[in-house]
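Biologist: Please put the structure up, and let us go through the words used for it one at a time.

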Amino acid sequence: MKKQTQISVHNYRSGGFIGKYQRLVRDTVIPYQYSVLCDAAEGAEKSHVIDNFINAAKALRGEDVGDGFYGMVFQDSDAAKWIEAAAYSLACFPDKRLEETVDGVIEKIAAAQDEDGYLNTYYTIKDKDKRWTNLLEGHELYCSGHMMEAACAYYQVTGKRVLLDVMLKNAEHIYKHFITEKHEGYPGHPEVELALMKLYRVSGNRHCLELAEHFINTRGVDKDFYRRERENRDWTVWGNNADDHDYQQSGKPVREQTDATGHAVRAVYLYTGMADLAGESGDAELYSACKTLWESITRRRMYITGGIGSTVHGEAFSVDYDLPSDTAYAETCASIGLMFFASRMLENEVKGEYADIMERAFYNTVLAGMQLDGRRFFYVNPLEVNPGISGVSPTQRHDLPSRPGWYACACCPPNAARLISSFGMYAYGESADTAYCHLYADGEVTFGNGMKLVCETDYPYDFNINYTVEKGSRLAVRIPAWSEKYTLCVNGKETAATPVDGYIYLDVSDGDKITLTLDGTPRLAYASAKVPALTGKAALCRGPLVYCFEGADNGGDVRQLTLKADGRLTVLGADDTLCEAVKISAEAVRAADIDGLYSFEPPKKTDCAAVAVPYYVWGNRGENQMRVWMEVNL
């Protein structure tokens, strides 16, 4: 079933738009986040992550732990994701000082590992007797999973085994507990499943593969496990409802699940592990379940921005077509997880729709999760913001009108950093005889199968993608579903090849030049009538980018604007204040405000030009109104 794999972390050197973001991560995000982990960032919430590992090592030695543990039960994962982001950055930009800093953090993590392989600062410092007694809320497997991912990335980039050996020892501890000793249970927060698959591939240790298979295959078989676990302990972390099977994707065995439910991040992390295992094992039934869940998300429960998880209640999927803009949750981590899921689906089956969604999630919700300066971050990504209501009203308190600097629950910032730094692994794939171009990214890529490409493009604002084949035999180039028209030329001659599942396959030779020209015409997109929140509205799109209208460009108020359905859409110049983001002007009508709260007199209307910016740059000019979906004069 598996037809292609990701390229190595070493094999992509970026330029252009992606390169700028990767340099931002290198120069600003990674140093800033490290200062946060060390509690040295001015104005940021206390993290204590590094001190937690130091104190855990003290606890293991029987020493006084001083200020003890601080933070969330999953605080260790912040360090893991930072290490992973740093590893991928080192693959792009070798940096001896950063490598030495990471080595120092890893030394502290290794010292915090118990003799039996257990590694978790929360339980090591606070109460060793509670280990493995609260899988529902405890996040032990979640933290192990993220540290396994960090260990794999750092080993692949540097060849250093310290953290890899730590996490292989930790995996053996987990194997002994759940497989050898046959303790019940599966992760409350899925993540370790996908991480074990990575650890298996890097190490060849089949216990990792067996564990991933065990956790996936046992999930939901005994749907009452969490309730029994809760009855057997007299403590809780958050008071999670053990019977909320939808929230934790535990109501049915995974092969019987048909709707994406519950906590959106947990869901897509689980589905990623499922898709990965299906490809590795050739399990057609498991892959069929993945396709069903993929369709549930992308055809009925996903925002146009690639955001998922529409409700603040449980940070979760709700029901089909429930996609409100102003109360959206759409956690940054959920869209990152959706990219993971899409990437694994692509490994199983090369279909353009998987790359289309991966691209949509990245260029819109993932990038919107980080301020253009790399120092402020969104956890939640609404599609409409109204200062004075958003972030204030009880129903919209989660939808903030500006990005905070850091969070006590800081899963999203390092998650975005590791995704951006590893972009090449999602942009390209390979099989024994074919190089796949899933996403368009300026730079050089070397494939494990011997092929080498140079890509030159100013995408996503320019729609010419130029490939030079330095070494090659067969190339597969994606034609995105959003591009109504395109041309593909080889050495200046247009090819007559037609797409197969969204890809054009070309036999190429050394020195060949391939030019793909996509349709950069801005267009209005309309939602299904099944989405009640979007009746009579449209969203402005250009290429992979969804646009939004901010008060900063429209006299302070966008709520009084109505777009003309047949109005002219004009691409404007790049805005230097928004890192050269390209704006679009749309013909519109502005309604004057009325006197009082209500009126029997219709508001006066005047023609105007409404200006839109890419959704990912919104909120970078202070608090102001923002809307993606606009009223349309049909």
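Biologist: What makes strand E10 (residues 486-490) and E13 a pair?

Modeller: Strands are DSSP runs of E with at least two residues, numbered from the N terminus, and two strands pair if DSSP finds at least two bridges between them. E10 and E13 are joined over five bridges in the antiparallel sense, so they pair by that definition. Thr487 stands opposite Thr517 in E13.

Modeller: I should add that this is a predicted model, in which local features need pLDDT of at least 70, side-chain atom pairs count only at pLDDT 80 or more, and totals for chains, interfaces and linings use all residues. Residues are numbered from 1 along each chain as its sequence is written, and side-chain values use heavy atoms, with hydrogens and water left out.

Biologist: How do you know that strand E8 (residues 464-471) is joined to E13?

Modeller: Five bridges join E8 to E13, and the two run antiparallel; Asn466, for its part, stands opposite Thr515 in E13.

Biologist: Which residues of E13 (residues 513-518) make up its covered face, and which its uncovered one?

Modeller: Ile514, Leu516 and Leu518 form the covered face, whereas Lys513, Thr515 and Thr517 form the uncovered one. In a regular strand the side chains alternate between the two faces of the sheet.

Biologist: Why does the length of helix H1 (residues 16-37) agree with what is expected?

Modeller: The expected span is 1.5 Å times one less than the number of residues, so the 22 residues of H1 should span 32 Å, and the end C-alpha atoms are 30 Å apart, which agrees.

Notes:
Buried means under 20% relative accessible area, exposed over 50%, partly exposed in between (1.4 Å probe, protein chains only). Helices (H or I, at least four residues) and strands (E, at least two) are DSSP runs, numbered from the N terminus.
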